Amino acid sequence: MSQLPREELHRVARQTLLPGFDIAQQEALHGTHVFVIGAGGLGCPLMQQLAAAGVGEISVIDDDTVDLTNIHRQILFGAQDVGRSKVDVAAEKLEQLQPGIVVHAIRDRITADNAVDYLRGVDILVDGSDTFATKFLAADAAEITGTPLVWGSVLRFRGDCAVWWSGPGAESGVGMRDLYPLQPDPDSVPDCATAGVLGVTTSVVAGLMSTELIQFATGMNRERVGLLSIYDALTSSITHFRVPHDPARELTTQLQDNYGGAACAVPGAEDAAAMFDDLRAGAVAIDVREAGEAAIDDFFFDATAKHYHLPTTVWQEDPEAARSLLDSLQGAGLSDAWVYCASGKRSASFISAFAEEAEQRNITLHNVAGGIKSQPATFHGMPEH
């Protein structure tokens, strides 16, 4: 006789008809506590699938609120949720899917100070984050506590998925650092503001992650630890790579003090506060973001400011477009221009490419340190949600 409520057994009845998946597996799933980092493009569909499948307890941590630009991939949210806490909305939706589920909505950010404590009593950790900093922090915390880690990432049309399990209880297991021993520089790949993502790709990868988690939690298949799956949305193909345990690697036993953050200020960039003074005085601003980024996060300019838009993809493919812009500034008698993007990286590249030619035209190009993401919300044309 199962200890599951009758209504729950009825709700998941078709799942328990699967070969190798019966009431015992369903009860194991119901008794699993999953901790999810991020109620975003991966976390939303994954939590939806896990709640529907019968996972009995989910903790989700995220300190963000719902923005209109989230909804194309963060499918627990609707337009009516804009401005609300992501974890609160997620909890409501999961409880509608499975009335008996226990959801812990944690409006916080995972840090080196709290990660290990949050994993106490957790059966499986899910990393649905989108930065190197959080991914390496999560992997290290999982290894320190011996918590199995279901890991995923998505960029543009590609998605990766794996189960890692190493540390206490799995000393010879495979951890994420067996694949990535060192944390990459955040500038080594495009940041989330510039790369873009196909919304449905996040759902596909979240589905792969959910499947891996269900197999692991129910004991159906634990041989997939260390198996990296790479999904290509454009070819609908999945490639698998077996990551071996590195016997020479020392297991992580304590967290680093600082895992860094997303791509941000460029070393030596000028104080961005000066840009605002210049813009108020009618200075020149050159936006090198792509058109879609401006739609996501517009920027406020004084009516007297001279504002130009030259996407990075344009000037990189056609340097003459940048030279023509510099000629226009010279013809207008302008001697200073602020160049900006989301993080300060592409604007610095623009300046590096054209500073000499600008100087020949008696124009000085200034970079916005940290990009507009580092600036006060009052300068953004669209309110922060």
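**Helix packing and internal cavities in a predicted model**

Q: How are α13 and α14 oriented to each other in this predicted model?
A: In this predicted model, the orientation of α13 and α14 follows from the angle at which the two helices pack, about 50°. Angles under 35 degrees count as roughly parallel and those from 65 to 115 as roughly perpendicular. The axes of α13 (residues 319–331) and α14 (residues 345–360) lie 11 Å apart. α13 and α14 are therefore oblique to each other.

Q: In which hand of crossing, left-handed or right-handed, does α13 pass α14?
A: The two helices pack at an angle of about 50°. The crossing in which α13 passes α14 is right-handed.

Q: By class, how many nonpolar residues has the contact of α13 with α14?
A: From α13, the residues Pro 319, Ala 322, Arg 323 and Leu 326 meet Phe 350, Phe 354, Glu 357 and Ala 358 of α14. By class, this contact has no polar residues and two charged ones, and its nonpolar residues number six.

Q: What volume of space lies in the largest cavity?
A: The count of cavities of 30 Å³ or more comes to three. In the largest cavity the space is about 50 Å³.

Q: Which elements give two or more residues to the lining of the largest cavity?
A: The lining consists of Ala 139, Ala 142, Glu 143, Thr 147, Leu 149, Trp 164, Trp 165, Ser 166, Gly 175 and Met 176. By class, six of these are nonpolar, three polar and one charged. The elements that give two or more residues to this lining are α6 (132–145) and β6 (158–167).

Methods:
Residues are numbered from 1 along each chain as its sequence is written. This is a predicted model: local features need pLDDT of at least 70, side-chain atom pairs count only at pLDDT 80 or more; totals for chains, interfaces and linings use all residues. Side-chain values use heavy atoms; hydrogens and water are left out. Axes are lines fitted to C-alpha atoms, for helices over the stretch in contact, and angles run from 0 to 180 degrees between N-to-C directions. Helices (H or I, at least four residues) and strands (E, at least two) are DSSP runs, numbered from the N terminus. Angles under 35 degrees count as roughly parallel, over 145 as roughly antiparallel, 65 to 115 as roughly perpendicular and the rest as oblique. A crossing is left-handed if the near helix is turned anticlockwise from the far one by less than a right angle, and right-handed if clockwise. Contact means heavy atoms within 4.5 Å. Ala, Val, Leu, Ile, Met, Phe, Trp, Tyr, Cys and Pro count as nonpolar, Asp, Glu, Lys and Arg as charged, and the others, Gly among them, as polar. On a 1 Å grid over the protein atoms alone, a cavity is a set of points where a 1.4 Å probe fits but cannot get out, and a pocket is an open set with protein on both sides within 12 Å along at least five of seven lines; lining residues have an atom within 4 Å of a point. Grid points are joined across faces, edges and corners, and a volume is the space filled by probe spheres set on the points.
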